[in-house]
Amino acid sequence: MKNFPFFILFFSLTLFAQKTELKTWQFSSEKNPEVKQVNLPHTWNAEDAFDDEPGYWRGNGTYSKTIQIKDSSKVYYLHFNGANQEAKVFVNNKLAGEHQGGYTAFQVPVSSALKPGENKIRVELSNAHDETIPPLDADFTFYGGIYRKVWLVEENKVHFKKEAGTDAVKINPVMDENFNAKVQLSGGIENPEGEKLILKISLQNPEGKEVYSREENVAETLSTNFAVEHPALWSPAVPDLYNIRIAILNDASEQLDVYEHKIGFRKFKASAEGFQLNGEELKLIGVNRHQDWKGLGNAVPVEKQLQDMVNIKKMGANFLRLAHYPQDQEIYRAADSLGLILWSEIPVVNKVPVAEDYEAYEKNVLQMQREHIAQHYNNSSFIFIGYMNEIFIRMVFDNAEGEGKKAIIDHTLKLARKLENLTRELAPKHITVMAIHGNQIYNETGITSLPMVLGWNLYYGWYEGGIQDLGGFLDSEHKKFPKRPIIISEYGVGADARLHSNNPEKFDFTEEYQLLYHQGYLEQVLERDFVIGMTAWNFADFGSEFRGDAMPHINQKGLVNFDRSPKNIYYWYKAMLRPDEKFSRIYRDVPVHIDFSAEKELKIISNQQVIIKLNGIKTAEKKPEGGIVEVKLKLQEGSNSIEVLNRKNELEDQLDLVWQKPDFSAHDWLGINFGTNSYFMDNQCRQWIPASALEQLKISEGAKSIKSSTNIRNTEDDPLFQKGLSEVKNVEIEVPEGKYNVQLLFTNFGKDKALAYELNKKNADEETSEGGLKILLNGEMLEVKPMKEFHFNKKSLQINTESKIKIEATEETVFSISGISLKKIN
Ligand code: GCB
C-alpha cells in the first residue's frame with residue numbers, strides 16, 4: 001500500500017496532455033542536399049551570415065523524422081515554438097498545415113494523418129525573401145531554420161482548444177481603484193462528444209497556499225470570473241506571482257486536461273505625466289533585446305537566453321523591449337518571474353509593400369499580431385504591445401516622391417490603423433505602442449496619433465547631430481504634443497572592446513564614446529517626466545549581415561558583446577540603476593599604457609566611495625560622480641598594481657597595468673595606426689597605437705584622414721584597415737640603430753571612395769592597372785600589387801638603419817596608408 005499515492009500521481013498525470021520534445025531531425029537543404037542529422041534548435045545560417053562573402057543563404061531546407069504513435073484514441077498536435085519563416089508540415093507525405101512568419105509559435109493538428117506505429121514527419125521550411133511576410137527589410141539577419149523547440153502534443157479528446165498557436169485560455173486579472181481584483185477567464189474546450197464536464201479552478205498565492213477554488217459545470221465555452229481581495233501586487237521590485245490552475249474533469253472526476261499559468265496582479269497607466277504601476281510613478285529604464293548569439297545565430301538554447309534575462313535584471317533594468325519580434329515563450333515567463341515590464345512587438349519593420357503583395361502581407365501581419373497577443377496575453381510582464389518599427393525609413397532613404405510616396409503612406413496608414421484597432425480589440429487593457437525614427441514624416445502623416453504611447457528611436461550623437469541635441473528635440477516634441485507619452489525606444493552607439501581612446505569621438509567605435517553617449521542620454525531623459533521610459537539599443541551585439549562596423553556583420557551597439565561578455569557600459573548602468581547593490585569595478589581600457597607620459601587617467605565604475613591604491617600605496621579616496629570615479633595615477637615603468645577598496649577596506653577590484661614608452665627601450669614591436677585617435681588590440685593581442693601618440697613620427701603636410709565602414713576582407717582586424725591617411729608624401733619614424741622588419745599596411749577602400757593608396761588623381765587608374773603602388777622604404781623600391789576592393793595588402797621588408805625609417809612616394813605621387821608595424825630584430 002505504501003506506493004499507492006505515487007501510483008495515483010502517475011495515473012492522473014498520464015490522463016492529460018503529454019509533450020514529447022522532438023529534438024533530433026534529418027536535415028538537408030537546396031544548397032547542401034546531403035542529409036545530415038541535426039538537433040534543434042538549428043539554423044543553416046550560423047556561419048555564412050558572418051563569413052567574408054556578401055549575403056547569406058536564403059532558401060529551402062527540409063527537416064524530417066519518424067515518430068511512433070501508440071494510442072490512436074488520443075488527439076495529436078505538432079507544436080512549433082518558432083521556425084523561420086515559411087513552414088509546410090507534412091505527415092506521411094500529406095500536407096497537414098502551413099505557417100507564415102518566423103517569430104510566433106504555431107500548432108498543426110495531425111491526428112487524422114497519423115496511424116498507429118511509425119509515422120513520417122517532414123517540414124519544408126524557407127527563409128527566402130517573400131514580399132508577403134514581415135520583416136521585409138531590417139537591420140538584423142533573418143537566419144533560416146527550426147530555431148526553437150518542437151513538441152508532439154498528445155491530448156485527450158476533451159482538451160482546451162488550440163488557437164493561434166496556443167491553448168485558447170485567456171486570463172484577465174482586472175484591478176479596481178481599491179486594488180481588489182477580479183480574475184476573468186475565457187476560452188474554449190474541445191468536447192466532440194458533448195461529455196458532461198466539470199471545470200475545477202484554483203488559485204495559489206505566491207507562497208503556494210491555495211486561496212481560491214471552485215468547481216462548475218462546463219460544456220464548450222469557458223467564461224467565468226472570481227474575485228480576489230487585495231492580492232499581493234506584481235511589480236519589478238516585487239514580482240509576486242499567483243498560480244492559476246484550471247482543470248477539466250469528467251463526471252468520474254478524472255482530469256482530462258489542465259491549464260496552469262502564473263499570473264500577476266498589476267495596474268498600469270501611461271500618460272504624459274509619467275508611467276504608473278500600481279498607483280506609483282515608475283520611470284521605465286531598460287534595454288532592447290535581439291535573440292541571436294555569437295556562433296549560434298538564432299538557434300540559441302533557451303537556458304542560454306535566460307541568462308540574458310537574469311543579466312538584464314541584475315543590471316537594474318525594469319523594462320525590456322523585445323525588438324523587433326516576439327521571442328521564445330520562456331523569455332516572457334522569465335520576465336514575469338524576474339519582474340521586467342515588456343514591450344513586445346511584431347516585425348513590421350522599415351517598409352510595407354504597396355504593389356500586389358499588399359493584401360497578402362496585411363493578412364499575414366494581422367494573423368501574426370493575433371498569434372503574438374494570444375500567445376503572451378497571460379504573461380503579466382506583457383504590457384506594451386507594439387506593431388511597427390521605423391516604418392517610413394525605407395521611403396525616406398529611397399527619396400520616394402509623388403505618387404509613389406503617396407501610395408506608401410496610404411498603405412502604411414491603412415495597415416497601422418488595422419493593427420492599432422486589432423490590438424485594442426484583443427487586448428483592451430494593454431498599452432499600444434509604435435517605434436519611429438527621427439523624422440517628421442511620422443507627425444506629418446498622422447501615424448503618430450494612433451498608438452497610446454510613442455517610441456522614438458533617436459541617435460543624436462551617432463547618425464546625426466550631437467549627444468546634447470536629444471533634450472532640445474524632446475522638448476520641442478513635447479511642446480507640439482503635450483499629451484503624448486514618449487519612450488526613447490532606441491538609442492545607442494557602436495562600441496568595440498578592442499578600441500579605446502583618450503579623445504573619444506563620434507563613430508570611432510570606442511567604449512569611451514559609448515560611455516559619453518549613454519551618460520548624456522540617461523541624464524537628459526531623467527530630467528524629463530513626459531519621457532516615460534527608455535530602452536538602450538541594444539542589450540547585446542547582434543548579427544546584421546550587411547553591416548560593416550568594426551566587426552563586420554555585427555551591429556555593435558550592445559551593452560554586452562555578441563558572446564555576452566560585458567562591455568564597461570554594462571557595469572556603468574548597473575552602478576546607476578542599482579543603488580541597492582554596492583560595487584566598484586576598474587574600467588577596462590588598454591591593457592598596456594603606451595605613452596610618453598606616466599600619467600594614466602583611470603576610471604572606476606562605482607556606486608560607492610572608493611579608496612585607490614597604486615603599488616600598495618593609498619593614492620586617493622573619492623566619491624563617484626554619475627557612476628564614475630576618475631583619478632590620475634603616476635605609473636612606474638613596467639608593471640603596476642592597482643587596487644580598489646571600499647570604505648570598509650574590502651578589496652573590490654584589482655588590475656595589473658603595464659606602462660611602456662612608445663619606443664624601442666621597452667618594446668621590440670610597435671604598431672602604428674593611421675587616421676585615428678584610437679588604440680586598437682589586434683587578433684594577436686598586440687596593441688596598435690595612434691600615430692598621434694608617437695613623437696618620433698613625422699608625416700608630410702597635407703595628409704588627410706580616410707575611412708570606410710565596410711568589411712575589409714581577409715582580416716579580423718578591420719578597424720586597423722577601415723581608417724587611414726591619404727595624400728601622404730612621406731612618413732618618417734626615428735628609431736635606434738638596428739635591424740627591423742617593417743610592415744606596411746594598405747587598404748583598397750573600393751570604387752566609391754578613392755583608392756587607399758591613392759596615387760595622385762591623374763594617373764591613379766593607370767598605375768593600378770600597371771601593377772599598383774611603387775614606394776620607397778629607406779630608398780629601396782617596394783611594389784605593392786593592386787588588390788580587390790575592400791581588401792588590404794601587406795608589404796614587408798627587412799632593413800638596417802642608423803636612425804630613421806622613411807617611407808616615401810616615388811616622384812609626383814602621394815599614397816594612402818593604414819598601418820605600419822616595426823619589429824626590432826636584434
Ligand atoms: C534603428 C532600428 C534598429 C537598428 C538601429 C541601428 O533605429 O530600429 O533595427 O538596428 O537603428 O543600430 O541602426
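These questions and answers walk through a predicted model, from its domains to its helix pairs and unusual backbone spots.

Me: Into which domains is the protein divided?
Reply: Start at the N-terminal end with domain 1 (14-156) and domain 2 (168-263). Domain 3 covers 271-581. The list ends with domain 4 (592-660) and domain 5 (669-824).

Me: How many residues does the contact take from domain 3 and from domain 4?
Reply: The C-alpha centres of domain 3 and domain 4 lie 36 Å apart. Their contact draws on both sides. The count is 12 residues from domain 3 and seven residues from domain 4.

Me: Which three residues supply the most of the area that domain 3 buries against domain 4?
Reply: Domain 3 and domain 4 bury about 620 Å² between them. Of that area, 64% is on carbon and sulfur atoms. On the domain 3 side, three residues supply 47%, more than any other three: Leu 515, Trp 572 and Ala 575.

Me: Are helix 9 and helix 10 roughly parallel or roughly antiparallel?
Reply: Two packed helices are described by an angle and a distance between their axes. Helix 9 (residues 511-526) and helix 10 (residues 568-577) have axes 9 Å apart, at an angle of about 25 degrees. Angles under 35 degrees count as roughly parallel. So helix 9 and helix 10 are roughly parallel.

Me: How do the residues of the contact of helix 9 with helix 10 divide by class?
Reply: Helix 9 and helix 10 make a right-handed crossing. Helix 9 brings Glu 511, Gln 514, Leu 515, His 518, Gln 519 and Leu 522. Helix 10 brings Asn 568, Ile 569, Trp 572, Tyr 573 and Met 576. They divide into six nonpolar, four polar and one charged.

Me: Why are helix 4 and helix 6 described as roughly parallel?
Reply: Helix 4 runs over residues 358-376 and helix 6 over residues 402-426. Their axes come within 10 Å. Under 35 degrees counts as roughly parallel. Helix 4 and helix 6 are therefore roughly parallel, with a crossing of roughly 25 degrees.

Me: How many charged residues does the contact of helix 4 with helix 6 have?
Reply: The crossing of helix 4 and helix 6 is right-handed. Glu 359, Glu 362 and Arg 370 are among the helix 4 residues in the contact. Helix 6 residues there include Lys 414 and Lys 418. Alongside nine nonpolar and three polar residues, the charged count is five.

Me: How many nonpolar residues does the contact of helix 2 with helix 3 have?
Reply: The axes of helix 2 (residues 302-314) and helix 3 (residues 329-338) come within 10 Å and cross at roughly 30 degrees. The contact includes Leu 306 and Met 309 of helix 2, and Ala 334 and Leu 338 of helix 3. One polar and two charged residues also take part. The nonpolar count is eight.

Me: Which peptide bond that leads to a proline is cis?
Reply: Most peptide bonds are trans. Look in the loop between strand 3 (36-39) and strand 4 (60-69), where Pro 41 sits. Omega there is near 0 degrees, in the bond from Leu 40 to Pro 41.

Me: Where does Gln 85 lie?
Reply: The peptide bond from Asn 84 to Gln 85 is cis. Its omega is near 0 degrees. Gln 85 lies in the loop between strand 5 (75-80) and strand 6 (86-91).

Me: What is the phi of His 230?
Reply: Most residues other than glycine have a negative phi. His 230 is in the loop between strand 18 (221-228) and strand 19 (242-250). His 230 is not a glycine, yet its phi is positive, at about 35 degrees.

Technical notes. Residues numbered from 1 in each chain as written. Predicted model: local features only at pLDDT ≥ 70, side-chain atom pairs only at ≥ 80, totals over all residues. Heavy atoms only, no water. Axes fitted to C-alpha atoms, helices over the stretch in contact; angles between N-to-C directions. Helix = DSSP H or I, 4+ residues; strand = E, 2+ residues; numbered from the N terminus. Parallel < 35°, antiparallel > 145°, perpendicular 65-115°, else oblique. Left-handed = near helix turned anticlockwise from the far one by under 90°. Contact = heavy atoms within 4.5 Å. Nonpolar A, V, L, I, M, F, W, Y, C, P; charged D, E, K, R; others polar. Domains from an automatic or database assignment. Buried area = accessible area lost by both parts, 1.4 Å probe.
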